Amino acid sequence: MGGLYLVGMGVRGKGWMEINAYSSNERLILRYAAPLFIFDTPYDTLSELLMPFSKLGLSSPLVQAITELGYKTPTPIQEQAIPAILSGKDLIATAQTGTGKTAAFVLPLLEQFSKAAEPLRGKRIRALILVPTRELAVQVEASVAQYAKHTQLTSMAAYGGVDTAPQKERLIEGVDILVATPGRLLDLAHQRALHFDELQVMVLDEADRMVDMGFVDDIHKIIVRLPENRQNLLFTATMTNDVRAIAHAFSDSKMTDMAANISITPHVRAAATIKQWLITVDKDTKSALLSHLITEQAWDQALIFVEKKHSAAKLVAQLEKRGIQADSIHGGRSQAMREKVLDQFKSGELKYLVATGVAARGLDIGELSRVVNYDLPFQPEEYIHRIGRTGRAGASGEAISLVDISDFKNLCAIERRLKNTIERKEVEGFPVKKAVPASNLNHVKKSSR
Ligand SMILES: Nc1ncnc2c1ncn2[C@@H]1O[C@H](COP(=O)(O)OP(=O)(O)OP(=O)(O)O)[C@@H](O)[C@H]1O
Ligand SMILES: [Mg+2]
């Protein structure tokens with residue numbers, strides 16, 4: 001193989017690994033998230049050098065499905081987690097937002113189950129994937145179905161806010177992989193619509209968010225129902241004490257003592273593909289500033305985060321008053337509306353979506369170019385997840401935070417976690433009366449002195 005040079009960051013890319021042959025000298029550019037590698041190697045040689053998914057132990061029906069989806073080579077977390085899961089290990093895995101964690105746990109499950117000799121009995125499942133929000137349940141199940149397309153394996157999503165009857169009916173024949181939110185799962189189990197005695201694998205996606213949302217008791221209630229002899233997998237973009245606590249709860253320290261730890265991002269960092277900046281503003285001019293940015297900069301799309309349900313509705317009204325059509329998704333809306341609005345946003349029909357934290361985790365919105373923190377989140381992890389809705393799968397994106405003086409404490413916490421200050425920009429016509437001071441990154445908490 002010829003020379004390998006790391007030539008730069010932040011190149012706008014579309015796919016994980018997009019290979020372009022330079023016609024002049026047959027050089028190849030390989031985009032792997034943000035870094036750009038140049039291999040001085042002819043195209044054919046290079047494409048042979050890319051690790052095929054089959055090398056990770058995946059068989060042809062799965063490789064065919066992911067090839068059809070345009071995946072050329074595994075992402076780093078997939079490369080490490082897939083063989084570990086296939087070997088039956090428990091796993092705690094962290095990797096940045098948008099780096100393919102879903103496939104990292106779903107593909108090996110499908111591989112294992114496609115070889116199962118025993119047919120599935122009624123009301124039984126082989127794997128349970130627990131997720132914190134309904135939208136994420138829908139999305140993860142859709143991914144499972146895509147990856148399982150050329151197998152006989154079945155999947156379904158079980159989540160609240162919709163009728164239980166169709167979910168119960170679907171479970172009668174059993175499903176190989178069930179993706180569920182904790183509350184509805186317990187409901188179904190209480191109603192004896194579902195039994196866990198054949199469960200082999202339990203996956204927690206976004207475990208810390210489930211803790212934040214108060215699902216800890218539910219998770220404990222679920223765990224005691226599961227067979228002790230099972231494989232436990234835990235995936236997240238941010239490793240926090242909450243995640244560690246959940247890992248402990250899995251089963252008498254079995255998980256934490258014996259699990260393999262795979263960490264692609266040892267320190268909590270935002271995905272490198274996202275350009276972050278902030279604008280300081282006064283509270284009373286915030287919505288005018290947002291409208292100004294949308295119109296003046298002709299934004300194609302934006303996912304705009306607010307802290308509370310009622311501020312979502314208020315902001316939508318304020319934008320609409322200025323001729324900008326927006327809609328919202330939050331816990332106060334019906335599930336049918338939440339799904340409809342999210343679908344419209346995913347398809348590009350809706351350009352500006354105002355959301356609360358329900359949309360912060362895991363959602364994979366095609367080519368979303370921009371996330372706005374209209375309100376700054378209280379938790380630094382939440383910031384990392386929110387902005388991670390853009391800059392996914394190697395594409396670039398921008399994250400803009402509107403910060404007023406009351407956000408100063410949160411800003412300090414976020415910047416300290418990022419180990420960096422976020423670049424500030426000024427917008428003409430929006431002078432700030434109450435300036436936001438620069439945060440002190442070296443601040444040491446009293447307790448840790
Ligand atoms: N090997 C691959 N090659 C190309 N694209 C991929 C590959 N693996 C996953 N993707 C795509 O990358 C996107 C992000 O994947 P996914 O949603 O699993 O990320 P994630 O790591 O779970 O992020 P988050 O932390 O935000 O939940 C998806 O659109 C998925 O289809
Ligand atoms: Mg995810």
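Strand S6, residues 125–130, pairs with strand S9 in the parallel sense, and four bridges connect the two. One of the matched positions links Ala 127 with its bridge partner in S9, Val 201. Please keep in mind throughout that what we are viewing is a predicted model.

S9 also has a neighbour in strand S10, residues 231–236: five bridges join these two strands, and they run parallel. Here Leu 204 has Leu 234 in S10 as its bridge partner.

How much of S9 is covered? Five of its five residues are buried. In a regular strand, the side chains alternate between the two faces of the sheet. In S9, Val 201, Val 203 and Asp 205 point one way, Met 202 and Leu 204 point the other way, and all of them are buried.

Let us follow the chain past the end of this strand. Glu 206 lies in the loop between S9 and helix H8. Its phi angle is near 65 degrees, which is a positive value in a residue other than glycine. Is Glu 206 buried or exposed? Glu 206 counts as buried, because 26 C-beta neighbours lie inside 10 Å, and the cut-off for that class is 20 or more.

Helix H8 covers residues 207–212, and Met 213 is found in the loop between H8 and helix H9, residues 216–225. Met 213 has 19 C-beta neighbours inside 10 Å and therefore counts as partly exposed. Met 213 also shows how the fold brings separated parts of the sequence together: Val 358 is 145 residues away in sequence, yet the two C-alpha atoms are 9.9 Å apart in space.

I turn now to a second sheet. Seven strands form an open sheet in the order S14-S15-S13-S16-S17-S12-S18, and the pairing is parallel. Which strands are at the edges? They are S14 and S18, each of which pairs on one side only.

We may examine this sheet strand by strand, beginning with S15, residues 352–355. Both of its faces are covered: Tyr 352 and Val 354 on one side, and Leu 353 and Ala 355 on the other, are all buried. On one flank, strand S13, residues 302–305, is joined to S15 by four bridges, and the two run parallel. Within that pair, Ala 302 stands opposite Tyr 352. Strand S14, residues 326–329, also pairs with S15 over four bridges in the parallel sense, and Asp 327 stands opposite Leu 353. How does the chain cross from S14 to S15, and what is the hand of the crossover? The chain passes through helix H14, residues 335–347, and this β-α-β crossover is right-handed.

Further along the sheet, strand S16, residues 370–373, and strand S17, residues 397–403, pair in the parallel sense over four bridges. Asn 373 stands opposite Ser 401 in S17. Helix H15, residues 380–387, packs on the sheet and touches S12, S13, S16 and S17, and its direction makes about 150 degrees with that of S16. Another helix, H12, lies across S12, S13, S15, S16 and S17, and runs at about 155 degrees to S17.

The loop between H12, residues 286–296, and S13 contains Ala 298. Like Glu 206, Ala 298 is a residue other than glycine with a positive phi, in this case near 45 degrees. Its surroundings may be set beside those of Glu 206, which counts as buried: Ala 298 is exposed, because 7 other C-beta atoms lie within 10 Å, and 12 or fewer is the cut-off for that class.

At the S18 edge, Lys 425 is found in the segment after that strand, residues 423–424. Lys 425 is exposed, with 10 other C-beta atoms within 10 Å. Leaving aside residues up to four places away in sequence, Lys 425 touches Trp 277 and Ile 279. Trp 277 is 148 residues away along the chain, while the C-alpha atoms of the two are separated by 7.0 Å.

One more helix deserves a check of its geometry. Helix H4 has 14 residues, 101–114, and at 1.5 Å a residue should span 20 Å; its end C-alpha atoms are 20 Å apart, so the two values agree. H4 is mostly covered, with twelve of its 14 residues buried. Among them are Phe 105, Leu 109 and Phe 113.

Finally, I offer the chain as a whole. Its secondary structure comes to 16 helices and 18 strands. Of its 449 residues, 43% count as buried. Among contacts with a separation of 6 or more, 76% are between residues 24 or more positions apart.

Note on methods. Residues are numbered from 1 along each chain as its sequence is written. Chains are lettered from A and ligands numbered from 1 in the order in which they are written. This is a predicted model: local features need pLDDT of at least 70, side-chain atom pairs count only at pLDDT 80 or more; totals for chains, interfaces and linings use all residues. Two residues are in contact if their C-beta atoms, placed from the backbone, lie within 7 Å. The expected span of a helix is 1.5 Å times one less than its number of residues. Two strands pair if DSSP finds at least two bridges between them. A crossover is right-handed if, with the strands pointing away from the viewer, the path from the first strand over the helix to the second runs clockwise. Axes are lines fitted to C-alpha atoms, for helices over the stretch in contact, and angles run from 0 to 180 degrees between N-to-C directions.
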